[in-house]
Protein chains: 2
Amino acid sequence: MRLSKRGEYGLRAMIALAEPSSRSDSPAMLQIKEISRREQISSKFLEQILLTLKNAGMLHSKMGVGGGYYLARPASEITLGQIFRVLDGAVAPIKCVSQMAYESCGCPEEETCGLRLVMGDVRNAIADILDNTSLADVTTRQGTLRKKPGIN
Amino acid sequence: MRLSKRGEYGLRAMIALAEPSSRSDSPAMLQIKEISRREQISSKFLEQILLTLKNAGMLHSKMGVGGGYYLARPASEITLGQIFRVLDGAVAPIKCVSQMAYESCGCPEEETCGLRLVMGDVRNAIADILDNTSLADVTTRQGTLRKKPGIN
DNA sequence: CATAAAGTCTACTAGTACTATAGACTTTAT
DNA sequence: ATAAAGTCTATAGTACTAGTAGACTTTATG
């Protein structure tokens, strides 16, 4: 049940890119070096991560002098779940309850398998949080993250 | 965010041991071979897992002819969370929100770190399910697993 | 147009964790 | 005495993680 460093760094970088820029204009553009310095991440490792995120369509980039990365969509439309899945794969703890990478666990009756039912609940609980938290949610107010009332 | 095979097999084995025995008397005793056959698990691998669980105080065993493993406590008093932690370690996706293996993530302000807050919610959501689901909950009724109303 | 600043892309590597497998040993019932 | 069971430790192959390295492309600008 863990978030890999790749996933952690990717999420941190995306959050940094979602932070409202010091100057007025919205889609902040940051360079790899700037992010790696701020977040204390190996810039070569971060480079790979940002490239992956770019190829997944979540980031745009500008090459050359004065270049950098910026979000492909508004921060309110990018969820942590999307980012997580690109970098760390399925949210589900076990394949047989995965929405994006289902695979049978080989147990005789999947429908009534107790372990599967519980792990399905775990998957849903995680996905509920990650898919309902956008980058904007993270940056604007760190306390009222959850949208659904009652799940705090 | 995944359950290792070790964790999966351990949970399956504990659930099998929690199943009300065909004959009347309660604490079912099963042999490694029997469980490994039923659940299609390498018996040598399962052996290690059960031993770990035994050394953690969750199982008792009887050596020699007619021996086997049985639950150390009633199925209603053993939670999936306890089993998971023995076999797979902390529930938290990231160290800085772990209750059992806390470690600073090194970010300047942990208290207001957005990522940390979200991951804390994830940790709590997972722990809520795993710590409130006992082996008895899994075996008696596979549908109404959750105790807390509203979190389904 | 030369240069430097930026991203792009691919390959490689050390370490660690996962998933077992092997085999010698101990205990116990019969 | 024997066979059925658990105990314990070591080892090994594989995959994944977390980086490192270096050559390449694009772009602004002096």
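The exercises below go through a predicted model of two protein chains and two DNA strands.

Residues are numbered from 1 along each chain as its sequence is written, while chains are lettered from A and ligands numbered from 1 in the order in which they are written. Because this is a predicted model, local features need pLDDT of at least 70 and side-chain atom pairs count only at pLDDT 80 or more, whereas totals for chains, interfaces and linings use all residues.

**Exercise 1. Describe how strands β1 and β2 of chain A are arranged.**

Step 1. Locate the elements: helices (H or I, at least four residues) and strands (E, at least two) are DSSP runs, numbered from the N terminus. β1(A) covers residues 59-62 and β2(A) covers residues 68-71.

Step 2. Find the pairing, which requires at least two bridges found by DSSP between the strands. Here β1(A) and β2(A) have four bridges, in the antiparallel sense. Leu59(A) has Leu71(A) in β2(A) as its bridge partner.

Step 3. Look at the connection. The two strands form a hairpin with five residues between them. In the turn, Gly64(A) has a positive phi of about 80 degrees.

**Exercise 2. Work out how α2(A) and α3(A) pack, and name the residues in contact.**

Step 1. Take the geometry. Axes are lines fitted to C-alpha atoms, for helices over the stretch in contact, and angles run from 0 to 180 degrees between N-to-C directions. The axes of α2(A) and α3(A) lie 9 Å apart, at an angle of about 120 degrees.

Step 2. Classify the angle: under 35 degrees is roughly parallel, over 145 roughly antiparallel, 65 to 115 roughly perpendicular, and the rest oblique. α2(A) and α3(A) are therefore oblique to each other.

Step 3. List the contact, which needs C-beta atoms, placed from the backbone, within 7 Å. α2(A) contributes Ile32(A), Lys33(A), Ile35(A) and Ser36(A), and α3(A) contributes Ser43(A), Leu46(A), Glu47(A) and Leu50(A).

Step 4. Sort by class: Ala, Val, Leu, Ile, Met, Phe, Trp, Tyr, Cys and Pro count as nonpolar, Asp, Glu, Lys and Arg as charged, and the others, Gly among them, as polar. The contact of α2(A) with α3(A) has four nonpolar, two polar and two charged residues.

**Exercise 3. Find which residues and elements surround DNA strand C.**

Step 1. Count a residue as near if its C-beta atom, placed from the backbone, lies within 6 Å of the strand. There are 26 residues around DNA strand C, and Ser4(B), Lys5(B), Ser42(B), Gly64(B) and Val65(B) come nearest.

Step 2. Assign elements. At least two residues each come from α2, α3 and β2 of chain A and from α1 and α3 of chain B. α3(A) gives the most, with four residues.

Step 3. Sort by class. This surface has eight nonpolar, twelve polar and six charged residues.

**Exercise 4. Carry out the search for DNA strand D.**

Step 1. 26 residues surround DNA strand D, the closest being Ser4(A), Lys5(A), Ser42(A), Gly64(A) and Val65(A).

Step 2. Two or more residues each come from α1 and α3 of chain A and from α2, α3 and β2 of chain B. α3(B) gives the most, with four residues.

**Exercise 5. Describe the side of chain A that touches chain B.**

Step 1. The contact takes 31 residues from chain A and 32 residues from chain B.

Step 2. On chain A, α1, α5 (114-131) and α6 (135-140) each supply at least two residues. α5(A) gives the most, with ten residues.

Step 3. By class, this side of chain A has 18 nonpolar, eight polar and five charged residues.
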